[in-house]
Amino acid sequence: ITFGALISNNTLWFYSYKSDGSQWYVSDPIEMSNKTYTQKYPFVPYIGTWTSNSETPGNFKTGYKNFVYLKSTDSKISGKNPKDNPEAFGSVLK
């Protein structure tokens with residue numbers, strides 16, 4: 001499978017697609033419940049992270065085979081989520 005994560009407006013979705021392009025899994029929207037949390041640096045979905053410059057906070061890269069992360073503002077998925085718009089997210093994974 002290929003899987004991804006979407007974070008938009010303090011809401012998170014996890015999703016995955018089979019190799020034939022059909023959606024295998026999508027979570028319900030997960031709302032951020034900790035209203036006191038403040039993100040200091042650019043968000044990095046945690047699958048496995050490392051930094052190319054340990055002196056620069058937030059200078060992370062993420063890599064994992066068959067993992068997709070696009071910013072919610074990316075034109076391919078802007079204004080959409082994988083639960084209500086599965087066709088938009090499946091095509092991104094191809």
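**View 1. Gly4 of strand β1 meets Val68 of strand β7 in this predicted model.** Here Gly4 has Val68 as its bridge partner in β7. The two strands run parallel and are joined by three bridges; β7 covers residues 67-69, and β1 covers residues 2-8. Is β1 largely enclosed or not? Five of its seven residues are buried, so the rest of the structure largely encloses β1. Val68 will turn up again in View 4, since it belongs to the largest nonpolar core.

**View 2. The hairpin of β1 and β2 has two residues between its strands.** Let's move to the other pairing of β1. With strand β2, residues 11-17, β1 pairs in the antiparallel sense, over seven bridges. Two partners help you find your way along this ladder: Ala5 bridges to Phe14, and Thr2 bridges to Tyr17. At the turn, look for Asn9, which takes a positive phi near 50 degrees.

**View 3. Strand β2 also pairs with β3 and with β4.** Three bridges join β2 to β3, and these strands run antiparallel. For a landmark here, take Tyr15, whose bridge partner in β3 is Val26. The hairpin of β2 and β3 has five residues between the strands, and among its residues Gly21 takes a positive phi near 95 degrees. The pairing of β2 with β4 is likewise antiparallel, over two bridges, with Leu12 partnered by Ile30 of β4. How many residues of β2 are buried? Five of the seven are, so β2 is largely enclosed by the rest of the structure.

**View 4. Ten residues make up the largest nonpolar core.** The members to pick out are Leu6, Trp13, Tyr15, Tyr17, Val26, Val68, Leu70, Ile77, Ala88 and Phe89. Which element gives the most to this core? That is β2, with three residues. Both β2 and α1 supply at least two residues each. As general background, nonpolar side chains tend to be buried together in soluble globular proteins. Two core members, Tyr15 and Val26, are the bridge partners from View 3.

**View 5. Phe14 sits in strand β2 and is partly exposed.** Why does Phe14 count as partly exposed? Its relative accessibility is 40%, and the partly exposed class lies between 20% and 50%, so Phe14 falls within it. Leaving aside residues up to four places away in sequence, Phe14 touches Gly4, Ala5, Tyr25, Val26, Ser27 and Ile30. Among these contacts, Ala5 is also the bridge partner of Phe14. Keep an eye on Pro29 too: its C-alpha atom is separated by 8.5 Å from that of Phe14, and the two residues are 15 residues apart along the chain.

**View 6. Five residues make a nonpolar surface patch of about 540 Å².** Phe14 appears once more, now together with Ile1, Trp24, Tyr25 and Ile30. Two of these patch members, Tyr25 and Ile30, are contacts of Phe14 from View 5. Trp24 is placed in strand β3. Is Trp24 buried or exposed? With 54% relative accessibility, Trp24 counts as exposed. Ile30 brings us back to β4, where this residue is the bridge partner of Leu12.

**View 7. Lys83 and Asp28 meet in a salt bridge.** The structure holds one salt bridge. Its side chains come together at 2.7 Å, N to O. Which parts of the chain does the pair link? Lys83 belongs to the loop between β7 and α1 (86-92), while Asp28 belongs to the loop between β3 (23-26) and β4 (30-31). These are distant parts of the chain, with the two residues 55 residues apart. Lys83 has a relative accessibility of 36%, so this residue counts as partly exposed.

**View 8. Stepping back, the chain has one helix and seven strands.** Starting at the N terminus, the elements run β-β-β-β-β-β-β-α. Of the 94 residues of the chain, 30% count as buried. Among contacts with a separation of 6 or more, 35% come from residues 24 or more positions apart. The chain exposes about 6600 Å², and carbon and sulfur atoms supply 51% of that area.

Key: Residues numbered from 1 in each chain as written. Predicted model: local features only at pLDDT ≥ 70, side-chain atom pairs only at ≥ 80, totals over all residues. Heavy atoms only, no water. Buried < 20%, exposed > 50% of the residue type's maximum accessible area, 1.4 Å probe, protein only. Helix = DSSP H or I, 4+ residues; strand = E, 2+ residues; numbered from the N terminus. Pairing = 2+ DSSP bridges. Salt bridge = Lys/Arg side-chain N within 4 Å of Asp/Glu carboxyl O. Core = buried A, V, L, I, M, F, W, Y, C linked by side-chain atoms within 4.5 Å. Patch = residues over 30% accessible without salt bridge, like charges linked within 9 Å, V, L, I, M, F, W, Y side chains within 5 Å. Areas by Shrake-Rupley, 256 points an atom, 1.4 Å probe, with all protein chains shown as cover. Contact = heavy atoms within 4.5 Å.
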